[in-house]
Amino acid sequence: VVELQRGNRDHDEYDRLLRYVYIDGVFVNAELIAQGYAKAYIFDPDERYSQVLVQLEQYAKMRQRGLWGNQWGD
């Protein structure tokens, strides 16, 4: 089951639809960020999940997951 939830904004500046995505109860946006496969791009700091998503990105960076991985051995 896929569920899409609208946030405070309906579209971004490029007219892309903005939604929170749940698949079988899993918050996909949060999972992608926590695993380092996406960045937390916050359009509105008062948005429902903005603080959680930013914290998950910080966690992914700290754990060097996905995008934040240490690819060159530095």
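Colleague: Over how many bridges do β2 and β3 pair?
Modeller: β2 and β3 pair in the antiparallel sense. Two strands pair if DSSP finds at least two bridges between them; a strand is a DSSP run (E) of at least two residues, a helix is a run (H or I) of at least four, and both are numbered from the N terminus. For β2 and β3, the number of bridges is 2.

Colleague: What kind of model is this, and which pLDDT do local features need?
Modeller: Residues are numbered from 1 along each chain as its sequence is written, while side-chain values use heavy atoms, with hydrogens and water left out. This is a predicted model, in which totals for chains, interfaces and linings use all residues, side-chain atom pairs count only at pLDDT 80 or more, and local features need a pLDDT of at least 70.

Colleague: Which pattern does the protein follow along the sequence?
Modeller: The protein has 2 helices and 3 strands. Read along the sequence, these elements give the pattern β-β-β-α-α.

Colleague: Which strands stand at the edges of the sheet?
Modeller: The 3 strands form an open sheet in the order β1-β2-β3, with antiparallel pairing. An edge strand has a single partner, so one side of it is left without a neighbour in the sheet. The strands in that position are β1 and β3.

Colleague: Which residue stands opposite I23, and which stands opposite R6?
Modeller: In the pairing of β2 with β3, I23 faces a residue of β3, namely V26. Strand β1 (residues 2–11) is joined to strand β2 (residues 17–23) by 6 bridges, and the two run antiparallel. Opposite R6, in β2, stands R19.

Colleague: Which residue in the hairpin of β1 and β2 takes a positive phi?
Modeller: The hairpin has 5 residues between its strands. A phi near 65° is found there at D15.

Colleague: Is R16 buried, partly exposed or exposed?
Modeller: R16 lies in the loop between β1 and β2. R16 touches D10 and H11, not counting residues up to four places away in sequence, where a contact means heavy atoms within 4.5 Å. Buried means under 20% relative accessible area, exposed over 50%, and partly exposed in between, with a 1.4 Å probe and protein chains only. At 48% relative accessibility, R16 is therefore partly exposed.

Colleague: How far does helix α2 reach from its first C-alpha to its last?
Modeller: Helix α2 covers residues 50–62, which is 13 residues. The expected span is 1.5 Å times one less than the number of residues. The helix is close to the 18 Å expected, and its own reach is 18 Å.

Colleague: What arc do the buried residues of α2 cover around the axis?
Modeller: In α2, S50, L53, E57 and A60 are buried. They lie on the same side of α2, because their arc, taken from the directions from the helix axis to the C-beta atoms, is only 90°.

Colleague: Which elements do the buried residues of α2 pack against?
Modeller: On the other side of α2, Q51, Q55, Q58 and M62 are exposed. The buried residues of α2 pack against β2, β3 (26–27) and α1 (28–34).

Colleague: Which residues does S50 touch?
Modeller: S50 lies in helix α2. S50 is buried, with a relative accessible area of 6%. Residues up to four places away in sequence are not counted, and S50 touches I42, D44 and P45.

Colleague: What is the angle between the planes of Y22 and F27?
Modeller: Rings of Phe, Tyr and Trp (its six-membered ring) pair if their centres lie within 6.5 Å; planes under 30 degrees apart count as stacked, over 60 as edge-to-face and the rest as tilted. By this rule there are 5 aromatic pairs. Y22 and F27, both buried, form a stacked pair at 4.9 Å centre to centre, with an angle between the planes of 15°.

Colleague: What kind of pair do Y41 and F43 form?
Modeller: Y41 is exposed, with a relative accessible area of 57%, whereas F43 is partly exposed at 29%. Their ring centres are 4.7 Å apart and their planes stand at 75°, so the pair is edge-to-face.

Colleague: Which residues do ring pairs link into a cluster?
Modeller: A ring cluster is found in this model. Its members are Y20, Y22, F27 and Y49.
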